[in-house]
Amino acid sequence: MSQPTTLQEAAALASEIEQRLNQVLIGQQQVVREVLIALIAGGHVLIEGVPGLGKTLLVRSLGKVLELDFNRIQFTPDLMPTDVTGHAMYDQKTEQFRIRRGPAFTQLLLADEINRAPAKTQAALLEVMQERQITIEGKAFSLKEPYMVLATQNPLDQEGTYPLPEAELDRFLFKVMIDYPDHGDETRLVNMVLDGTIRASLDVESLTPATDGAGLMAIRTLSDSVLIDGEVLDYALRIVRTTRDFSGLSHGASPRASIALARAGRVQALVEGRDFVTPDDIQQVARPVLRHRIQLSADAEIEGQTPETVLGRLLEQVEAPRQ
Amino acid sequence: MELEKASARLAPRSPWQAVDLGTQMFRRWAWPTVRIWLAFTLLPFVLLLAYASMLESWWPLVLFWWFKPMWERPLLAWYSHALFAEELTLKTLFKRWKQYALPGLFAQLTWRRLSPSRSFNTAIWQLEGARGDQVSQRHQVLHRAPSNRAGMLTLVLFHIEQFMGYGLLALFYTLVPWQFNLELSDWFFEQSVLQTAIASSCLYLVLCITEPLYVACGFALYLNKRTWLEGWDLQLGLTRIGKRRKPNGIAAALLIGMLALPFSEPATAVDHRVEDMHAEQQQIIELLAGEDYMPFETRTQREWKDQDNDEGEEASWWEAFWKAFFDRANDNTSTNSKPFSIPDNLIWAVFWALFAGIVLWLLMKVASQVGFTGRTRKQNHVIPTHVAGLDIRQQSLPDDINAAVENALHDTDIRTAMSLLLRVSLATLLREYPVALAAGSTEQHCLRTLQRQHGKAPGIEVLQPVVNAWVRTAWAHRPVSADEVRELLAQWQAVRFVEVPNG
């Protein structure tokens with residue numbers, strides 16, 4: 001498959017990928033956009049939403065459109081780290097230890113309900129996310145790029161879960177909130193299933209690849225050349241720094257968030273078809289970058305505020321940059 | 001009644017010290033009283049429980065609860081004798097049941113059932129044998145201020161009873177093997193026969209402890225009140241003095257007079273001479289019930305703390321104001337004589353106004369939290385002065401926009417020209433279509449807000465290319481050409497839907 005060589009081609013290809021995904025995932029344009037940005041930026045995504053909104057379909061579609069390997073792990077309380085990464089087993093025929101690779105050896109990994117597994121298993125996966133390699137019996141195995149973990153959480157059924165620690169949440173580039181489609185989109189979805197345009201099951205056979213892993217890596221490389229003005233970069237930093245001393249927040253975002261915000265802002269500009277970042281791009285990606293990196297103060301929680309409302313207030317108060 | 005035989009020291013106590021005495025009594029006689037409780041109530045409870053199970057209804061068990069005054073009578077009879085060194089047997093209690101259980105029982109099971117002072121009042125019927133008007137008179141006398149706190153005792157023990165009941169139920173729940181897969185919420189909300197039986201049994205077991213305690217405390221409060229009113233401690237002292245000396249006529253007469261005070265059931269058992277002095281007894285009851293007997297007056301007065309210590313120091317005007325305020329508010333007799341007086345009514349009016357204000361404020365806060373704001377208020381947006389750091393105040397803009405743009409273009413300062421064009425566009429548009437913009441609003445956000453709220457008005461349509469050109473100039477460092485700037489300016493002026501300053 002042809003690979004983009006210019007920013008315009010990369011933007012067109014990204015737009016094509018987005019369009020194809022939206023054909024399958026009805027009424028989740030914002031989710032598709034954010035996941036695509038995270039994928040191009042080389043980050044991982046934590047998706048929060050109730051079951052039945054198409055999280056698995058999204059990952060399968062991504063795999064199909066980008067010709068990437070796909071695996072899914074259902075996290076449960078008895079899941080062991082080796083169930084994720086793999087382990088060495090003794091082969092009696094060859095009388096040698098053989099490495100059995102776990103489901104983490106893939107390119108798109110859906111870690112379903114990650115907070116249902118104990119911290120030890122979560123940590124094993126998060127190490128994979130950070131290092132992009134898996135060590136079994138002292139031997140390191142590099143993972144094939146592009147590599148992305150899409151972990152999901154259910155916001156409702158929290159009993160018997162192991163909430164991800166702050167340090168581990170920080171490893172996710174975006175936290176994406178997936179919500180019910182609006183009335184019009186849901187009507188369209190039901191009609192499409194009823195008239196046979198799409199199947200109710202997770203059928204992605206109708207999708208055709210827009211590019212492959214190499215194409216995606218080319219888009220990622222080109223996104224690095226998107227211009228970000230000093231004032232815009234300063235604006236991103238001011239947003240992140242304000243979270244550390246803002247009413248309603250007990251803990252702000254780390255410097256990793258500043259890097260993530262700038263990186264995501266660049267990709268957002270590329271997807272929008274621009275070769276430069278505007279303050280608006282930073283605002284667009286600020287919420288998914290920051291919502292899992294901040295911690296509400298007790299007062300704010302008692303008042304019924306959410307990370308969304310506090311971030312909304314913060315973005316209103318941080319002055320937009322001027323030229 | 002021979003007070004000197006009392007196994008507790010009869011002395012005037014505070015109500016809570018009296019309750020302590022009752023607790024001590026229960027601790028000392030816990031087993032006999034629990035046994036009496038079980039002897040009188042176990043069979044009725046089991047029968048009612050069985051009946052409740054048959055009916056699959058709570059009503060028979062409510063009946064058991066309703067008859068609590070009746071179950072308490074044997075306990076009080078036992079305590080009243082045990083305190084004076086006579087421990088009645090179960091057989092005796094059963095035999096005498098009619099004597100002590102029936103007086104006033106009908107009233108206690110009907111209109112007086114929910115009286116919070118039950119533990120205290122039972123003694124009036126049961127121990128004094130009061131009837132008819134006598135009961136009211138005795139109530140008046142014994143319930144005089146200061147309060148005997150019998151109502152508070154009932155309230156406290158009611159809560160203890162509930163906590164212990166639920167605690168026992170929870171303990172039972174924790175001991176049920178997990179294989180039964182017992183769900184606590186189901187346990188409370190889906191009452192099967194078995195669950196009703198277990199819950200009722202738990203409550204009955206708790207009553208085995210709390211009922212003897214409740215009766216003992218009520219009895220102790222009753223004894224305490226009579227000690228206060230009738231000077232039993234003095235009587236005992238006189239008796240002791242009388243025993244040390246040779247009894248003379250006056251002391252004997254005084255002793256007889258005091259012993260004749262109403263406490264009829266044990267008294268008849270002790271001294272037959274009391275019967276002969278019924279007239280004097282009646283006279284004493286009337287005297288105690290009279291208005292003039294130990295008149296109590298409740299007065300509420302506000303005073304400054306450490307008033308005496310501050311006399312030497314000169315008070316500030318603020319302190320003087322409040323002192324005058326309260327002094328006059330307290331002194332109703334001088335209301336008319338002092339010009340600064342504020343009557344109690346006014347204080348109450350201020351208090352209620354403040355209270356109503358706080359409640360209203362809380363309601364409004366809650367309403368705003370849940371998103372209810374009543375009538376939609378007309379939004380009067382203030383015209384913003386800055387957008388994305390650009391000053392769009394009228395006075396900051398040049399008088400002749402054309403000339404200013406041309407000058408900037410002449411100096412090849414495209415950025416300044418574009419900045420001017422954007423500022424004047426925003427200034428005029430926002431004056432015409434005010435929208436709420438925050439400090440963090442970007443140029444594109446401003447454009448989107450205008451488009452969302454005011455559609456595609458001609459001016460807003462022209463604003464879009466201006467914003468795009470400005471964004472490219474400002475953030476991509478790729479200024480548009482001078483001709484493009486002139487074209488945008490021309491488009492802008494062609495719309496002419498609002499006045500351009502001197503343009």
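**Exercise 1. Get a feel for chain B.** Work out how many helices and strands chain B has, and what share of its residues counts as buried.

*Solution.* Start with the secondary structure: chain B of this predicted model has 24 helices and two strands. Next, look at burial: chain B runs to 503 residues, and 41% of them count as buried. Finally, check the contacts between residues at least 6 apart in sequence: in chain B, 72% of these join residues at least 24 apart.

**Exercise 2. Explore the largest pocket.** Find which helices of chain B each supply at least two residues of its lining, and which residues lie closest to its centre.

*Solution.* Begin with the space itself: the largest pocket has a volume of about 820 Å³. Then go to the middle of it. Of the 34 lining residues, B:Trp65, B:Phe158, B:Glu161, B:Gln162 and B:Leu203 are the closest to the centre. Now trace the helices: α3 (59–66), α10 (150–175), α11 (184–189) and α12 (193–230) of chain B each bring at least two residues to the lining. Top contributor is α12(B), with ten. Last, sort the lining by character, and you get 21 nonpolar, eight polar and five charged residues.

**Exercise 3. Place B:Asn148.** Decide whether B:Asn148 is buried or exposed, and find which residue's side chain makes a polar contact with the B:Asn148 side chain.

*Solution.* First locate B:Asn148: look in the loop between α9 (132–142) and α10 of chain B. Its relative accessible area is 8%, and the cut-off for buried is under 20%, so B:Asn148 is buried. Then list the neighbours. Leaving out residues up to four places away in sequence, B:Asn148 touches B:Pro15, B:Phe120, B:Leu142, B:His143 and B:Leu221. One of these, B:Phe120, is 28 residues away in sequence but 8.5 Å away in space, C-alpha to C-alpha. Now for the polar side of things: the side chains of B:Asn148 and B:His143 make a polar contact at 3.3 Å. A polar atom of the B:Asn148 side chain also lies 2.9 Å from the backbone nitrogen of B:Ala150.

**Exercise 4. Map the nonpolar cores.** Find which helix gives the largest share of the largest nonpolar core.

*Solution.* Start from the residues that touch the most other members: of 118 in this core, they are A:Ile17, A:Phe174, A:Ile239, A:Leu261, A:Leu290, B:Met418 and B:Leu450. The largest share, eleven residues, comes from helix α21 (residues 414–432) of chain B. Then step away to another core, which lies apart and has 65 residues, including B:Tyr79, B:Ala107, B:Leu153 and B:Ala197. To finish, zoom in on A:Leu261, whose contacts beyond four places in sequence are A:Ala236, A:Ile239, A:Val240, A:Ile282, A:Val285, A:Ala286 and A:Val289.

Conventions. Residues are numbered from 1 along each chain as its sequence is written. Chains are lettered from A and ligands numbered from 1 in the order in which they are written. This is a predicted model: local features need pLDDT of at least 70, side-chain atom pairs count only at pLDDT 80 or more; totals for chains, interfaces and linings use all residues. Side-chain values use heavy atoms; hydrogens and water are left out. On a 1 Å grid over the protein atoms alone, a cavity is a set of points where a 1.4 Å probe fits but cannot get out, and a pocket is an open set with protein on both sides within 12 Å along at least five of seven lines; lining residues have an atom within 4 Å of a point. Grid points are joined across faces, edges and corners, and a volume is the space filled by probe spheres set on the points. Helices (H or I, at least four residues) and strands (E, at least two) are DSSP runs, numbered from the N terminus. Ala, Val, Leu, Ile, Met, Phe, Trp, Tyr, Cys and Pro count as nonpolar, Asp, Glu, Lys and Arg as charged, and the others, Gly among them, as polar. Buried means under 20% relative accessible area, exposed over 50%, partly exposed in between (1.4 Å probe, protein chains only). Contact means heavy atoms within 4.5 Å. A polar contact is a pair of N or O atoms within 3.5 Å; within protein, one must be able to donate a hydrogen and the other to accept it, and residues adjacent in sequence count only if both atoms are side-chain atoms. A nonpolar core is a set of buried Ala, Val, Leu, Ile, Met, Phe, Trp, Tyr and Cys residues joined through side-chain atoms within 4.5 Å.
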